[in-house]
Amino acid sequence: KFLCTLSYKEQIKIGDKKIRRDSRPYWLKKIASKLNVRYVNRFIRPQFKNLGKGPVFFKPRYIKLFGSNISVGNFPTFISAPDDYIQITSWDTGDWNGEVEIGNYVLISPGVRIMAADRVVIGDSCMFGHGACITDADWHGIYDRTKVVGDPKPVILEENVWIGEDAMICKGVKIGKNSIVGARSVVTKDIPKNTIYAGNPAIFIRNLDDGEFTTRKDFFKNPIKLAKDFDLLDRYTLGQNSLFGWIKSIIFRDKSH
């Protein structure tokens, strides 16, 4: 089952703020969720070397997987979009045997690209903002431009790393536990744990206090209760929606749809 059943454009009030309202009736959303699960199990899961339990896929049709050495742990969340595919590549052809190893509880946003000709390792609870890119290779030789891949070097992200929107993590980089990379940064050198780096090239911004983090692992510590809580929220937010109202919302769009 998917644990996180909220629609990507569902309206939830948080104070005075709102995001897009989901006009579907509760029962229709449940049918859509079950079809989503079937689609993932039939077309997406077989493409992974390993995919753990409890995966959450928003719009799984817009995920591209290349290569046979892509492994993902338990309770990952993938959010893809028609104009921003998620792309994960393990270059395991010829003399190359690239591997992508993604841990538990990881969040991957639209437009994220992860590419490995050698090895990309992503620890538990890491989060990737929209359009982030992680690569362990140049994909051409520096002097011999016909040389496929070039000279790859492993990339390692330790537990609870947060990569900002459109950031680029280059080959040979290791990012320490809990660290943050700012939006649109380019990282070419190692980043120590519990720090914030940003810029092009990324430079030190400040330290983070150790031991004060609540991670995605904490969020999923009781998955059965979490699933029930999301279902109750769906019943509350979608309970008054009707099939006619949903069809009307598709035909007559306004600011809330």
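This is a short viewer tour of one chain, from the whole fold down to single residues.

**Whole chain**

Start with everything shown as a cartoon. Keep in mind that the model is predicted. The secondary structure comes to four helices and 22 strands. The radius of gyration is 20 Å, close to the 18 Å that the globule rule gives for 257 residues, so the chain is as compact as a globular protein of that length. Along the principal axes, the C-alpha atoms fill a box of roughly 65 × 45 × 35 Å.

Switch on the surface. About 14,500 Å² is accessible, and 54% of that belongs to carbon and sulfur atoms. Buried residues make up 46% of the 257. Now colour by charge. There are 40 positive and 28 negative side chains. The centres of these two sets lie 9 Å apart.

**First sheet**

Select β3, β6, β9, β12, β17 and β20. In that order they form an open sheet of six strands with parallel pairing. Which strands stand at the edges? They are β3 (63-66) and β20 (186-187); each has a single partner strand, so one side of each is left without a neighbour in the sheet.

Walk across from β6, residues 86-90. Four bridges join β6 to β9 (residues 113-116), and the two run parallel. Pick Ile 88: its bridge partner in β9 is Ile 114. Stay on Ile 114 and look to β12, where its bridge partner is Ile 134. The pairing of β9 with β12 (residues 133-135) is parallel, over three bridges.

Move on to β17, residues 168-169. Two bridges join β17 to β20, again in parallel. Met 168 has Val 186 as its bridge partner in β20.

**Gln 87**

Go back to β6 and select Gln 87, which is found in this strand. Its relative accessible area is 24%, so with the limit for buried at under 20%, Gln 87 is partly exposed. Show what surrounds it. Beyond its neighbours within four places in sequence, Gln 87 is in contact with Lys 64, Phe 66, Val 112, Arg 113, Ile 114 and Met 115. Then draw a distance to Ile 250. The two residues are 163 apart in sequence, and 30 Å separates them in space, C-alpha to C-alpha.

**Second sheet**

Select β1, β4, β7, β10, β15 and β18. This is an open sheet of six strands in that order, with parallel pairing. The edge strands are β1 (50-51) and β18 (174-175), each paired on one side only. Zoom in on β4 (residues 70-72) and β7 (residues 99-102). They pair in the parallel sense over three bridges. Ile 70 has Val 100 as its bridge partner in β7.

**Backbone details in the loops**

Follow β7 out towards β8 (107-108). Tyr 105 is found in the loop between them. Tyr 105 has a positive phi of about 65°, although it is not a glycine. Is Tyr 105 buried or exposed? At 13% relative accessibility, Tyr 105 counts as buried.

Next, select Ser 125, in the loop between β10 (119-122) and β11 (127-128). Ser 125 also is not a glycine, and has a positive phi of about 65°. Its relative accessible area is 1%, and Ser 125 is buried.

Finish at Pro 201, in the loop between β21 (195-198) and β22 (203-207). Check omega between Asn 200 and Pro 201. A cis peptide bond joins them, with omega about 0°.

How values were computed:
Residues are numbered from 1 along each chain as its sequence is written. This is a predicted model: local features need pLDDT of at least 70, side-chain atom pairs count only at pLDDT 80 or more; totals for chains, interfaces and linings use all residues. Side-chain values use heavy atoms; hydrogens and water are left out. The radius of gyration is taken over C-alpha atoms; the globule rule is 2.2 Å times the number of residues to the power 0.38. Buried means under 20% relative accessible area, exposed over 50%, partly exposed in between (1.4 Å probe, protein chains only). Accessible areas come from the Shrake-Rupley method with a 1.4 Å probe; for residues, only the protein chains shown count as cover. Lys and Arg count as positive and Asp and Glu as negative; His and the chain ends are not counted. The place of a charge is taken as NZ of Lys, CZ of Arg, CG of Asp or CD of Glu. Two strands pair if DSSP finds at least two bridges between them. Contact means heavy atoms within 4.5 Å.
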